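I opened the model to look at the ligand site and then the overall fold. My entries follow in the order of the look-ups.

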Amino acid sequence: MGEASRQGVTGRVANTISPDLLERLRSAALEAQSRSYSPYSNFPVGAALWTDRDRVVTGCNVENASYGLTRCAEQTAIQRCVVEDAGKPLVAVVVGNTDRPLTPCGSGRQILAEFNPDLRVICFSRTGEFAEFTMRELLPGAFDRDGLEGTEPQ
Ligand code: THU
């Protein structure tokens, strides 16, 4: 946990992600969050991916009157990452208006894990408190393309 906005980045994150990059990603995620379409939940979420091509790709949740068609912020960020050919995500930052760092929902984790099972996920609260996870911590034993191996032909 930390207080990125006030005292800079401390702890484990500082070893490999610079405070500048973390702040850049958080700002991008906040900007995306401000464009969230969430009239049903009033729970805006923003996400920012940093890729191996040094690209920052953002997403926000996009809800629907048919509630189940809602797309989470992590998902829309991944979709943009693919469409824009932005590269492999290395870090994901997620921001919510929450008291505690907002961790991705289960489907968001699965969608992120598809593109990097070693993704680092940094979750922010509304005050800038954050918690860092690896994707393997968030989704141990993920179903992946290897899980499709070995099926019998029908
Ligand atoms: N939501 C996200 O976009 N990402 C998350 O990680 C958690 C939840 C959205 C989905 C829905 O629009 C709203 O937050 C309330 O669940």
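I began with the ligand contacts: a polar side-chain atom of Glu74 lies 2.7 Å from an oxygen atom of the ligand. I count a polar contact as a pair of N or O atoms within 3.5 Å. Taken alone, the ligand exposes 380 Å², and the protein buries 79% of that; areas come from the Shrake-Rupley method with a 1.4 Å probe.

I note that the model is predicted, with local features needing pLDDT of at least 70 and side-chain atom pairs pLDDT 80 or more, while totals for chains, interfaces and linings use all residues. Residues are numbered from 1 along each chain as its sequence is written, and side-chain values use heavy atoms, without hydrogens and water.

I looked up two further pairs. Asn61 places a polar side-chain atom 2.9 Å from a ligand oxygen atom. For Ala73, a polar backbone atom is 2.9 Å from an oxygen atom of the ligand.

I then listed the residues around the ligand (a heavy atom within 4 Å of it). Among them are Ser41, Phe43, Val45, Glu63, Thr70 and Cys72. By class, I find 6 nonpolar, 4 polar and 2 charged residues in this shell; Ala, Val, Leu, Ile, Met, Phe, Trp, Tyr, Cys and Pro count as nonpolar, Asp, Glu, Lys and Arg as charged, and the others as polar.

Last, I checked the fold. The protein has 6 helices and 6 strands, taken as DSSP runs (H or I, at least four residues; E, at least two). Their order along the sequence is β-α-α-α-β-β-α-β-α-β-β-α. Along its principal axes, the C-alpha trace spans about 60 × 40 × 30 Å.

How values were computed:
A polar contact is a pair of N or O atoms within 3.5 Å; within protein, one must be able to donate a hydrogen and the other to accept it, and residues adjacent in sequence count only if both atoms are side-chain atoms.
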